[in-house]
Amino acid sequence: QHYFTVLFGHEGQKPLELRCEDEVDGDEWVEAIHQASYSDILIEREVLMQKYIHLVQIVETEKVAANQLRHQLEDQDTEIERLKSEIIALNKTKEKMRPYQGNQEDEDPDIKKIKKVQSFMRGWLCRRKWKTIVQDYICSPHAESMRKRNQIVFNMVEAESEYVHQLYVLVNCFLRPLRMAASSKKPPISHDDVSSIFLNSETIMFLHEIFHQGLKARIANWPTLILADLFDILLPMLNIYQEFVRNHQYSLQVLANCKQNRDFDKLLKQYEANPACEGRMLETFLTYPMFQIPRYIITLHELLAHTPHEHVERKSLEFAKSKLEELSRVMHDEVSDTENIRKNLAIERTIVEGCDILLDTSQTFIRQGSLIQVPSVERGKLSKVRLGSLSLKKEGERQCFLFTKHFLICTRSSGGKLHLLKTGGVLSLIECTLVEETEAS
């Protein structure tokens, strides 16, 4: 039997005493433990740290040398400027020391007057030509298009500033206070309901604060306006909007349920009385993000209408517009599907017996309303139509629901509840034929 002991470097850990049946096996275990030791990693780390310190010293030395060279260049530039000024002064001195030529004094006064008039005329012609060039450009279609484009950008910055303020009010006047209220001793609302109502509105606020800061930085560099890269930053994060839009109707429903709690309703009215809300309700602030993507699409349409085809930003703006339109279509389809499912479930809950065909997600609601069912006429005689346990001898009011695949016919009881007709209450439209009789009889 062959023993070996493993000792640990930290306190509280007892040493391990291990043994092997074979000496070779024991030596292999000891060698493997040595190779797997953390001390090797520490040694490698120490070597790497030494290399890193050496490289840092080299970089610092290079920085010092670069600063010295920069100072030498600045000194040389100063010396060059000084020499230039000396040369100019020497040239002026030489001009003064030259013998004065008597031709200028002997020049005819009429010639002097002609030269002066010519100088005035040349200046006037140059100014008039430059003024004509400027006026022609100001009145040109290109300048008009650029003015409209700049105005669109300025309006976009103002609208973005207003939108960021609305998100700020939503987060600071409603979301964060309600989170604190949910953590109180007697919470008027739960954390789950707060998350359901606001979802990722705080993230949307942070995203648009960054976008707004970028817009203001671009305006600071006016008249050079480069916007496409800002939309490149915004596009990958638009799935946040997709989640918010998908959750919007559910959030309003949760908010309506929470308002039935008197404590919550009273607290919410206190928040809505804040002067920053300007008399607007929480539902209004939750609706603002729903219109932001269409607003960006309209702005990009207007920008492209006043952006020349050879403009450096045109392709990037067209790409951003196409991505936003694609996202808008997806969100519209998702909202439509979600609304359709909720509508079907709402109708299904109003029917006492329930209706399984409304649980089909492909079943789309079209319309509902009251219709009068009349007795059918066969060969001039009223035939009795069985409706449940009663025979239809006179007209009866029915509550009808039309879907893409089925037609539901319900009766309303004295308590206001809806009941499907026991016979013919659910009609499959595939098996029906619509007959329109044009005869007056």
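**Close-up views of a predicted model**

The count of aromatic pairs comes to four. The views below show parts of a predicted model, beginning with two of the aromatic contacts.

**Figure 1. Phe174, Phe285 and Tyr288 form one aromatic cluster.** The ring centres of Phe174 and Phe285 are 5.8 Å apart and their planes meet at 45 degrees, so this pair is tilted. Phe174 belongs to helix 5 and Phe285 to helix 11 (residues 282-287), so the pair ties together parts that are 111 residues apart in sequence. Phe285 also pairs with Tyr288; here the arrangement is edge-to-face, with 5.7 Å from centre to centre and 80 degrees between the planes. Phe174 is buried, having a relative accessible area of 0%. Phe285 has 1% relative accessibility, and because the limit for a buried residue is under 20%, Phe285 counts as buried. Tyr288 is buried as well.

**Figure 2. The largest nonpolar core holds 55 residues.** Which members touch the most other members of this core? They are Phe174 and Phe198. Helix 5 (residues 141-182) gives the most to the core, contributing 15 residues. A second, separate core has 10 residues, among them Ile351, Cys355, Leu358 and Phe403. In soluble globular proteins, nonpolar side chains tend to be buried together.

**Figure 3. Phe198 touches residues from several stretches of the sequence, including Leu170, Phe244 and Leu282.** Leaving aside residues up to four places away in sequence, the contacts of Phe198 also include Phe174, Leu175 and Leu178. Leu286 is another of the residues in contact with Phe198. Phe198 and Phe174 are thus seen touching each other, and both belong to the largest nonpolar core.

**Figure 4. Ser251 lies in helix 9 (residues 239-258).** Is Ser251 buried or exposed? Its relative accessible area is 2%, and because buried means under 20%, Ser251 is buried. Not counting residues up to four places away in sequence, Ser251 touches Ser196 and Ile197.

**Figure 5. Helix 1 covers residues 23-35 and is capped at its N-terminal end by Asp22.** The cap is a side-chain oxygen of Asp22 that lies 3.5 Å from the backbone nitrogen of Val24. Helix 1 has 13 residues and reaches 19 Å from its first C-alpha to its last. This reach is close to the 18 Å expected at 1.5 Å a residue.

**Figure 6. Two spans carry annotations in an unreviewed UniProt entry, "domain: PH" and "coiled-coil region".** UniProt lists "domain: PH" at residues 1-38. In the model, this span is 37% helix and 26% strand, with its end C-alpha atoms 28 Å apart. The feature "coiled-coil region" is placed by UniProt at residues 56-93. Residues 56-93 are 100% helix and 0% strand, and the end C-alpha atoms of this span lie 55 Å apart.

**Figure 7. The whole protein contains 13 helices and 11 strands.** What share of the 441 residues is buried? Buried residues make up 29%. Among contacts between residues at least 6 apart in sequence, 60% join residues at least 24 apart.

Notes
Residues are numbered from 1 along each chain as its sequence is written. This is a predicted model: local features need pLDDT of at least 70, side-chain atom pairs count only at pLDDT 80 or more; totals for chains, interfaces and linings use all residues. Side-chain values use heavy atoms; hydrogens and water are left out. A nonpolar core is a set of buried Ala, Val, Leu, Ile, Met, Phe, Trp, Tyr and Cys residues joined through side-chain atoms within 4.5 Å. Buried means under 20% relative accessible area, exposed over 50%, partly exposed in between (1.4 Å probe, protein chains only). Helices (H or I, at least four residues) and strands (E, at least two) are DSSP runs, numbered from the N terminus. Contact means heavy atoms within 4.5 Å. UniProt positions are given in the numbering used here, feature names are shortened, and annotations may be inferred rather than shown by experiment. The expected span of a helix is 1.5 Å times one less than its number of residues. A polar contact is a pair of N or O atoms within 3.5 Å; within protein, one must be able to donate a hydrogen and the other to accept it, and residues adjacent in sequence count only if both atoms are side-chain atoms. Rings of Phe, Tyr and Trp (its six-membered ring) pair if their centres lie within 6.5 Å; planes under 30 degrees apart count as stacked, over 60 as edge-to-face and the rest as tilted.
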